[in-house]
Amino acid sequence: MADMSKVEETINKVIGDIQEQQGLRKVELENSLEIVADLGFKSLDIAQLIASLEVELGTDPFSTGVPLADVVNMGDLYNLYQAHA
């Protein structure tokens, strides 16, 4: 992702921070990577991700009725926050 947006950079930073805190294996983030299956995030990690992104980006798209189940992979996450940026 050579032309990465500020939103994507922020998401990647927050995910990297959580991976480090939880001792999770860091992987190259790509649109197709699944947040649970590929990144190893558990429910608490996802809650921390959403809370951190709300602070960093100033928005919580899930408060507008977007189902969490609709966000499976990194592409879904990038698109959701881009749309609410």
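In this predicted model, Asn12 makes contact with Met4, Leu29, Met74 and Tyr78 once neighbours within four places in sequence are set aside. Asn12 itself is found in helix α1. Is this residue buried or exposed? With a relative accessibility of 18%, Asn12 counts as buried, because buried means under 20% relative accessible area.

Two of the partners of Asn12 lead to another helix. Met74 and Tyr78 both appear on the α3 side of the contact between α1 and α3. From α1, this contact draws on Val7, Glu8, Ile11, Asn12 and Ile15; from α3, it draws on Met74, Leu77, Tyr78, Tyr81 and Gln82. Sorted by class, the residues where α1 and α3 meet comprise seven nonpolar, two polar and one charged. As for geometry, the two axes come within 9 Å and cross at roughly 130°. The angle therefore makes α1 oblique to α3. The crossing of these helices is right-handed.

Helix α1 also packs against α2. Here α1 covers residues 6-22 and α2 covers residues 43-57. Their axes are 10 Å apart, and the angle is about 140°. Why is α1 described as oblique to α2? Angles over 145 degrees would count as roughly antiparallel, and those of 65 to 115 degrees as roughly perpendicular; the α1 and α2 pair, at about 140°, is therefore oblique. The crossing of α1 and α2 is right-handed.

Which residues bring α1 and α2 together? On the α1 side they are Val7, Thr10, Ile11, Val14, Ile15, Ile18, Gln21 and Gln22. Across from them, α2 supplies Asp45, Gln48, Leu49, Ser52, Leu53, Glu56 and Leu57. In terms of class, eight of the residues in this contact are nonpolar, five are polar and two are charged.

Several of these names return in the interior of the model. The largest nonpolar core has 21 residues, and those touching the most other members are Ile11, Ile15, Phe41, Leu49, Met74, Leu77 and Tyr81. Two or more residues of this core come from each of α1, α2 and α3, the last of which spans 74-83. A general tendency gives some context: in soluble globular proteins, nonpolar side chains tend to be buried together.

Tyr81 offers a helpful view of these surroundings. Apart from neighbours within four places in sequence, Tyr81 is in contact with Val7, Ile11, Ile50, Leu53, Leu57, Thr59, Pro61 and Phe62. Among these partners, Pro61 sits in the loop between α2 and α3. How accessible is Pro61? Its relative accessibility is 0%, so Pro61 counts as buried. Beyond residues up to four places away in sequence, Pro61 touches Val66, Leu80, Tyr81 and His84. Pro61 and Gln48, which are 13 residues apart in sequence, have C-alpha atoms 15 Å apart.

A last group of residues belongs to α1, α2 and the loop that joins them. Gln22 lies in helix α1 and, at 41% relative accessibility, counts as partly exposed. When neighbours within four places in sequence are left out, Gln22 is in contact with Asp45 and Gln48. The C-alpha atoms of Gln22 and Gly40 are separated by 9.9 Å, with these positions 18 residues apart along the chain.

Asp45, one of the partners of Gln22, is placed in helix α2. Asp45 is charged by class, yet it is buried, with a relative accessible area of 6%. Besides residues up to four places away in sequence, Asp45 touches Ile18, Gln22, Leu24 and Gly40. Asp45 and Gln19 are 26 residues apart along the chain, and their C-alpha atoms are separated by 8.7 Å.

Lys42, by contrast, is exposed, with a relative accessible area of 58%. Lys42 lies in the loop between α1 and α2. The C-alpha atoms of Lys42 and Gln22 are separated by 10 Å, although the two residues are 20 apart along the chain.

Conventions:
Residues are numbered from 1 along each chain as its sequence is written. This is a predicted model: local features need pLDDT of at least 70, side-chain atom pairs count only at pLDDT 80 or more; totals for chains, interfaces and linings use all residues. Side-chain values use heavy atoms; hydrogens and water are left out. Axes are lines fitted to C-alpha atoms, for helices over the stretch in contact, and angles run from 0 to 180 degrees between N-to-C directions. Helices (H or I, at least four residues) and strands (E, at least two) are DSSP runs, numbered from the N terminus. Angles under 35 degrees count as roughly parallel, over 145 as roughly antiparallel, 65 to 115 as roughly perpendicular and the rest as oblique. A crossing is left-handed if the near helix is turned anticlockwise from the far one by less than a right angle, and right-handed if clockwise. Contact means heavy atoms within 4.5 Å. A nonpolar core is a set of buried Ala, Val, Leu, Ile, Met, Phe, Trp, Tyr and Cys residues joined through side-chain atoms within 4.5 Å. Buried means under 20% relative accessible area, exposed over 50%, partly exposed in between (1.4 Å probe, protein chains only).
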